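Reader: I would like to learn how to read burial, contacts and cores in a protein model. Could you take me through them slowly?

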Amino acid sequence: LATVTKDPSCGCCGAWVDHLRAAGFPVRVVESEDVDALKSRLGVPAELASCHTAEVGGYVIEGHVPAAALARLLAERPQARGLSAPGMPPSAPGMDIPGTPYEVVLFGPART
């Protein structure tokens with residue numbers, strides 16, 4: 001189960017949730033006016049922050065990470081805190097404006 005915390009007014013976050021669901025991930029959405037507090041508590045570095053934060057299988061998923069990258073993370077289970085697609089990359093799932101390459105970053109250390 002992926003728990004996605006997002007600002008109630010963010011539409012692209014909902015589009016990313018739809019992307020995860022279409023890829024077969026069960027998703028629970030939590031709306032919060034203070035997503036930054038969650039990011040801080042979960043150890044998301046400020047330079048990797050995006051518009052929503054998910055918790056999946058003991059990992060933190062920050063922003064518009066593709067479902068395929070999330071599936072790989074869960075299959076390989078590396079020692080890390082999580083994955084981020086920093087900022088709001090235009091061509092990332094949920095943003096869907098093709099043509100702009102972006103990075104998905106594995107960050108750590110592992111959660112304790």
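Author: Let us begin with a cysteine, keeping in mind that this is a predicted model. Cys-12 has a relative accessibility of 15%, and because buried means under 20%, Cys-12 counts as buried.

Reader: How many disulfides does the model have?

Author: The general idea is to look at pairs of cysteine sulfur atoms and to ask whether they lie within 2.5 Å. By this rule the count comes to zero disulfides. Cys-12 is in no disulfide, since the nearest cysteine sulfur, that of Cys-10, is 3.4 Å away. Cys-13, for its part, is buried with a relative accessible area of 0%.

Reader: Which residues does His-52 contact, leaving aside its neighbours within four places in sequence?

Author: A contact list is easier to read once you know where the residue sits, and His-52 belongs to strand E3. Its relative accessible area is 0%, so His-52 is buried. Leaving aside neighbours within four places in sequence, the contacts of His-52 include Cys-13, Trp-16, Lys-39, Ile-61 and Thr-5.

Reader: Is Thr-5 buried or exposed?

Author: Thr-5, which lies in strand E1, counts as buried at 8% relative accessibility. Beyond its neighbours within four places in sequence, Thr-5 is in contact with His-52 and Thr-53, and also with Val-30, Ser-32, Val-35 and Leu-38.

Reader: Where is Phe-25 found?

Author: Phe-25 is found in the loop between helix H1 (11–22) and strand E2 (27–31). A loop position does not settle the question of burial here, for Phe-25 has 15% relative accessibility and counts as buried. Not counting residues up to four places away in sequence, Phe-25 touches Leu-20, Ala-67, Leu-70, Ala-71 and Leu-74. Sequence separation and spatial distance should be read separately: Phe-25 and Val-35 are ten residues apart in sequence, and their C-alpha atoms are 22 Å apart in space.

Reader: How many residues does the largest nonpolar core have, and which have the most contacts inside it?

Author: The largest nonpolar core has 17 residues, and those with the most contacts inside it are Leu-20, Val-27, Ile-61 and Leu-70. Among the elements that give two or more residues to this core are H1, strand E3 (52–56), strand E4 (59–63) and helix H3 (67–76). Leu-70 touches Leu-20, Phe-25, Val-56, Ile-61, Val-65 and Leu-83, again not counting residues up to four places away in sequence. There is also a second, separate core of six residues, which includes Leu-42, Leu-48, Val-60 and Phe-107.

Notes: Residues numbered from 1 in each chain as written. Predicted model: local features only at pLDDT ≥ 70, side-chain atom pairs only at ≥ 80, totals over all residues. Heavy atoms only, no water. Helix = DSSP H or I, 4+ residues; strand = E, 2+ residues; numbered from the N terminus. Buried < 20%, exposed > 50% of the residue type's maximum accessible area, 1.4 Å probe, protein only. Contact = heavy atoms within 4.5 Å. Core = buried A, V, L, I, M, F, W, Y, C linked by side-chain atoms within 4.5 Å.
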